[in-house]
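Work through the exercises below with the structure open. Try each task before reading its solution.

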Amino acid sequence: MKSKKYFLLITLLISSIFISACSSTIYSSTGWHGLVASTDTAYLAAGTQIYAIDLNTGSEDWRYPAKVNAKISFYANPVLSSDGQLIIPGYDNSLYSLNPATGFENWIFTGSTNRLVGSPLVTQDMIYQPSTDHYIYAVDLEGNQVWKSETGGPIWAQPANSPDCACVYVASMDHILYSYEATTGRLLWQTQDLGGALVGTPAVSSDGVLYLGTFGKEMIALDATNGTIRWRFTTQDWVWSGPALVDNVLYFGDLSGYFYALNATDGTSLWRIQPQNSIVDTPVVLEDKIYFTNEADTLYIVDTTGNIVDSKLIGGLIYSAPVIVGETILVAPTNFDSLLVALNLDVNQKWAFTPVKK
Amino acid sequence: MWNTFILAPMVNVLIWIYTFFFHNFGLAIIIFTILIRLITYPLTAQQLKSQHKMQELQGSKKWQEIQKKYKDDKEKLAQEQMKIYKEMGINPLGSCLPLIIQFPIMIGLYQSISLAMASAPIQLLNLSRNLYTFIPGSQLIPLNSKFLWMNLGLPEISTPLFDLFGFAVPIMTIIVVITTWLQSKLMTPPPANPGDQSAQMSKMMNLYMPILMGWIAYSLSSGLALYFIISNVLGVAQYAIMGKVNWSNLLPKRKVANLK
C-alpha cells in the first residue's frame, strides 16, 4: 500500500514538472536575435545573454550577464548611443545600459511594468523606449525617466523621428500612430485606426512623409505633420517591418514572402518578387543592391530592378535583418548552432560565432 | 498533427468567441469551458455510470468472495476480476477516460491562450499562421488580455491583485486548490470498503490533485487558472443537476471505534 502511495505521489510530481517544462519551453522561444555593430564589434542580443563579438576574428570579447539568469532575456536590437553606451531592452521589463568595451553595467531603468520587446530610439540627449505596458518612456542618458505617455496598446516598434520635427513617432499595436513632443511627451496628433497592428519602425522621408506597414496587409504613407493618409498600397499578407527608403523607392517584404519596391511618391508598384517564406525584418540597401533575409534560412541580394543577384543559404530560421559593416555582412540566425554568421560582400563565409559553454 | 487537430481549432474557436463577447478574452475562456463541458458531457455521464457500477460490484458478495479465495494468487484474482467485469459489462478504465481526455484539452488550452495572447514576436508569427480565413485577425490583434486584475497570457503573480508582507498573493491559485478539492470531495461516492486499496487511492488523489492543479495554476498563464475554476464549478453543478453530489462528504466524519 505504501509503495502505491509513493508511486502516485511520484507520478503527480513528474506530471507537474512535465507541464512546467512545457511552459518554460514556450516562454523561452519567444523572439529572434537582435543585432547592432560598431566598426570593430558586433553586439548580439541572443536570449539570455548579450555577446560582444570581434568583427575581424569572430571571437567573443565579453558576454552579459556573465552567468545565465533565466529571468533575464534579450531579443530586441541593441542600440549604440553617441556618448558611448550600449542600450538594450530586456524581457524582464528593464532597460539596460552597458559599457560597450567591457560589458559592465552603467545603469538599469526599471520603470516599465511589462516586457520590452522593441528597440529604443536613441538621440543626442534622450532614449525613447517603447513598452508592452502601452507606454513610451523618455529616459535621459543617465537612465532617469523624463516623461512617459500612454498609447492604446502594446508597443513593439522602435520609435522614429525626423530632423525637421522636435517630435517622436510611435507606432502602436492599437493600429494607431502617435506623434509626441520630444521634450515633454505631449501628444501632438494621432492617426485614425489604420486597419491593423503596427510593429515595424516607420520610415520618414526628408520631405515630411511617414511610411509604415500594417497587419491590415497594407503599406501606408502619412503626412508627418498631421497624420493624414497620402496613399495606401495593398500587400498579399501582413507587413511586419518598416520599409527601407532609398532614392524615393520603398523596399519591404510581407509574411507571404513577397518583396516589394514601391514609388514613394504615389505608392505605385515598381516590381515585386516572391523568393519564398516570410520576410520579417527591414531590408538593408547598400549602393545599388538590396539585402534581405527570409525565414527559410537564406540571405538574398537583389538589384534595384528586382533581379536576384545572389543568395546564400545560412541555416536555421532567419527573422532579423542583416547588418552591413564595411565589407562584412552579418546575419543572425535563430534555432541554429551558430548565433552569428559573417560573410564577405561576395557572400563567402568569413566566420561563424558559436558561443563556448561556460 | 497536434497543431492541425488540437491547437489551431482551439485557438480559432477561442478567438471566434472573443469576437462575440465584447472583445473580452476572459469571457471567451468561460464560454469555451462551458462548450468543452457540454461536448464532454457524454463522457462524464459514462464515467459516473462506470463509477457507480464499480461501486455496486465492489460491495457485492461475489466480489468479496473471490478477493478472499484468491488473496494469495494475484494472477488468478486478476483473471477472475476481468471475468466479472465482462459479465457485468463494466469497463474498468471507464471512469479514467474523462480524466485522460482532460489532459490534451488542458495542454491545448494552455498553448492556445499563450498563442492567442501572443505576448512575444514568435508567438504572434505563429498565431498569424494558425488563424482560419474567417477570423478577422488583422482587425482583432492584439487581443485584449486583461480580465479583472490579470493579464491572461501571463502567470497571475506577474500582475497580483495585492501583496501581503511583500509577497504577491496568488488568489486564482488558492481558488483553484479549493474548487478542485471541493469537486473531488463532492463527486467521490462513499467507498464500499473504506479500508481497501481503491478507497485509499481515491483518498490520496483527493489530497494530491488540488496541490497539482494549484501548482499548474500558479506557474502557468492565469487564463488556464480561470479555465480550471470554471471547469470545477461547472463539474460540481453538472453532478448536482444529475443528483450525484455527495454533500455529506464535506462534513467531518466520526471515527468508529474498532471494538474487535
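Three exercises on this predicted model follow.

**Exercise 1. Describe how helices α9(B) and α11(B) pack.**

Solution.
- Locate the helices: α9 covers residues 171-187 of chain B, and α11 covers residues 222-241 of chain B.
- Take the geometry. The axes lie 9 Å apart, at an angle of about 25 degrees.
- Apply the cut-off: angles under 35 degrees count as roughly parallel. α9(B) and α11(B) are therefore roughly parallel to each other.
- Add the hand: α9(B) passes α11(B) in a left-handed crossing.
- List the contact. α9(B) contributes residues including Met172(B), Ile175(B), Val176(B) and Thr179(B). From α11(B) come, among them, Ala225(B), Phe228(B), Ile229(B) and Tyr239(B).
- Sort the contact residues: 13 are nonpolar, 7 are polar and none is charged.

**Exercise 2. Characterise the largest nonpolar core.**

Solution.
- Count its members: the core has 149 residues.
- Find those with the most contacts inside it. They are Leu44(A), Tyr211(A), Leu330(A) and Leu340(A) in chain A, with Ala116(B) and Leu224(B) in chain B.
- Identify the element that gives the most to this core: α11(B), with 7 residues.
- Follow Leu224(B). Leaving out residues up to four places away in sequence, Leu224(B) touches Leu109(B), Tyr110(B), Ile113(B), Ile216(B) and Ala217(B).

**Exercise 3. Is Phe162(B) buried or exposed?**

Solution.
- Place the residue: Phe162(B) sits in the loop between β2 (150-151) and β3 (163-164) of chain B.
- Count neighbours. Phe162(B) has 8 C-beta neighbours inside 10 Å.
- Compare with the cut-off: a residue is exposed at 12 or fewer. Phe162(B) therefore counts as exposed.
- Check a separation: the C-alpha atoms of Phe162(B) and Phe103(B) are 31 Å apart, with these positions 59 residues apart along the chain.

Note on methods. Residues are numbered from 1 along each chain as its sequence is written. Chains are lettered from A and ligands numbered from 1 in the order in which they are written. This is a predicted model: local features need pLDDT of at least 70, side-chain atom pairs count only at pLDDT 80 or more; totals for chains, interfaces and linings use all residues. Axes are lines fitted to C-alpha atoms, for helices over the stretch in contact, and angles run from 0 to 180 degrees between N-to-C directions. Helices (H or I, at least four residues) and strands (E, at least two) are DSSP runs, numbered from the N terminus. Angles under 35 degrees count as roughly parallel, over 145 as roughly antiparallel, 65 to 115 as roughly perpendicular and the rest as oblique. A crossing is left-handed if the near helix is turned anticlockwise from the far one by less than a right angle, and right-handed if clockwise. Two residues are in contact if their C-beta atoms, placed from the backbone, lie within 7 Å. Ala, Val, Leu, Ile, Met, Phe, Trp, Tyr, Cys and Pro count as nonpolar, Asp, Glu, Lys and Arg as charged, and the others, Gly among them, as polar. A nonpolar core is a set of buried Ala, Val, Leu, Ile, Met, Phe, Trp, Tyr and Cys residues joined through C-beta atoms within 7 Å. A residue is buried if 20 or more other C-beta atoms lie within 10 Å of its own, exposed if 12 or fewer, and partly exposed in between; C-beta atoms are placed from the backbone.
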